[in-house]
Amino acid sequence: RDDRSARRVVQRLGELGLVRATRLFSDQPAWVFATRAGARAGAMGFGAWSPRPGLMAHVGAVNEVRLHVHASAPGATWICERALAQICDSGEHLPDGVVEIDGQRHAIEVELTVKSRRRVVAILDELNATYDATVYFCAPAPRRQLERLAQDGRWSSLVLRDLPAGRRSL
């Protein structure tokens, strides 16, 4: 029933020219994107966004994490990376999202691939200095890397989590 309702909403918004649905991968459902008119109607200050296939696994994983956070902490506020880009200093590392809950701000990182140790340490140092906690939702390989880095206790506010159930295989 929910799928049918969602399809009807997407169809209606598409008829109004506010969204477009695009099947990017043959083995996945269509992705729904705001058109320019939809972005203006949303009044979030964002332009229309065009998908880049190489980023879609990460974008999908971030969305799964956002949905997981909302389900797990209904009172939390999610601030997306695009909104952060509007308020943060140029050159500052932008987490994939920030969750505001109980007067705290938690940086959210979604990691599907292993980055260089140097890059991860720089990100952890910056986020640790800026936010109350840094929460990584990780695929297995980056989680192992972060667990090794966390052993020295340098980042006391680092929290490691598995990706939500639908994304663990990435």
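The structure holds one aromatic pair, where rings of Phe, Tyr and Trp (its six-membered ring) pair if their centres lie within 6.5 Å. The partners are W31 and F33, sitting 6.4 Å centre to centre with 10° between the planes, and that makes the pair stacked. For the labels, planes under 30 degrees apart count as stacked, over 60 as edge-to-face and the rest as tilted. A pair of aromatic rings is described by the distance of the centres and the angle of the planes. W31 counts as buried because its relative accessibility is 17%, and F33 does so at 6%. Here buried means under 20% relative accessible area, exposed means over 50%, and partly exposed is in between, with a 1.4 Å probe and protein chains only.

A word on what you're looking at: this is a predicted model, in which local features need pLDDT of at least 70 and side-chain atom pairs count only at pLDDT 80 or more, while totals for chains, interfaces and linings use all residues. Residues are numbered from 1 along each chain as its sequence is written, and side-chain values use heavy atoms, with hydrogens and water left out.

Now zoom out to the fold. The chain has six helices and seven strands, and reading along the sequence gives α-β-β-α-α-β-α-β-β-α-β-α-β. Both kinds of element are DSSP runs numbered from the N terminus: helices are H or I with at least four residues, strands are E with at least two. The C-alpha trace spans about 55 × 35 × 30 Å along its principal axes. Of the 170 residues in the chain, 35% are buried. Take the contacts (heavy atoms within 4.5 Å) between residues at least 6 apart in sequence: 53% of them join residues at least 24 apart.

On the outside, the accessible surface comes to about 10500 Å², and carbon and sulfur atoms own 50% of that. These areas come from the Shrake-Rupley method with a 1.4 Å probe, and for residues only the protein chains shown count as cover. As for charge, the chain has 24 positive and 19 negative charges, and their mean positions are 8 Å apart. Lys and Arg count as positive and Asp and Glu as negative, while His and the chain ends are not counted. Each charge is placed at NZ of Lys, CZ of Arg, CG of Asp or CD of Glu.

Let's walk through some of the elements, beginning with α1. This helix has 14 residues and reaches 20 Å from its first C-alpha to its last, close to the 20 Å expected at 1.5 Å a residue. The expected span is 1.5 Å times one less than the number of residues. R4 lies in α1, which covers residues 2-15, and R4 counts as partly exposed because its relative accessibility is 49%. From R4 to Y131 there are 127 residues in sequence and 40 Å in space, C-alpha to C-alpha. After α1 comes G17, with a positive phi near 80°.

Helix α3 (residues 56-72) has 17 residues and reaches 24 Å from its first C-alpha to its last, close to the 24 Å expected at 1.5 Å a residue. Its buried residues are M56, G60, A61, V62, V65 and V69. What covers them includes the strands β2 (31-34), β3 (77-80), β4 (97-101), β5 (104-111) and β6 (133-138).

Between β4 and β5 there is a loop, and D102 is found in it. D102 has a positive phi of about 50° although it is not a glycine. Most residues other than glycine have a negative phi. D102 is exposed, because its relative accessible area is 76%.

Strand β5 is home to E111, a residue that counts as buried because its relative accessibility is 8%. Setting aside residues up to four places away in sequence, E111 touches Y136, F137, C138, A139 and P142. E111 and L127 are 16 residues apart in sequence and 15 Å apart in space, C-alpha to C-alpha.

Last stop, helix α6. Q145 lies in α6, which covers residues 140-150, and Q145 is buried because its relative accessible area is 10%. Again not counting residues up to four places away in sequence, Q145 touches V114, K115, S116, R117 and V120. A150 is found in α6 too, and A150 is partly exposed because its relative accessible area is 29%. A150 and V120 are 30 residues apart in sequence and 11 Å apart in space, C-alpha to C-alpha.
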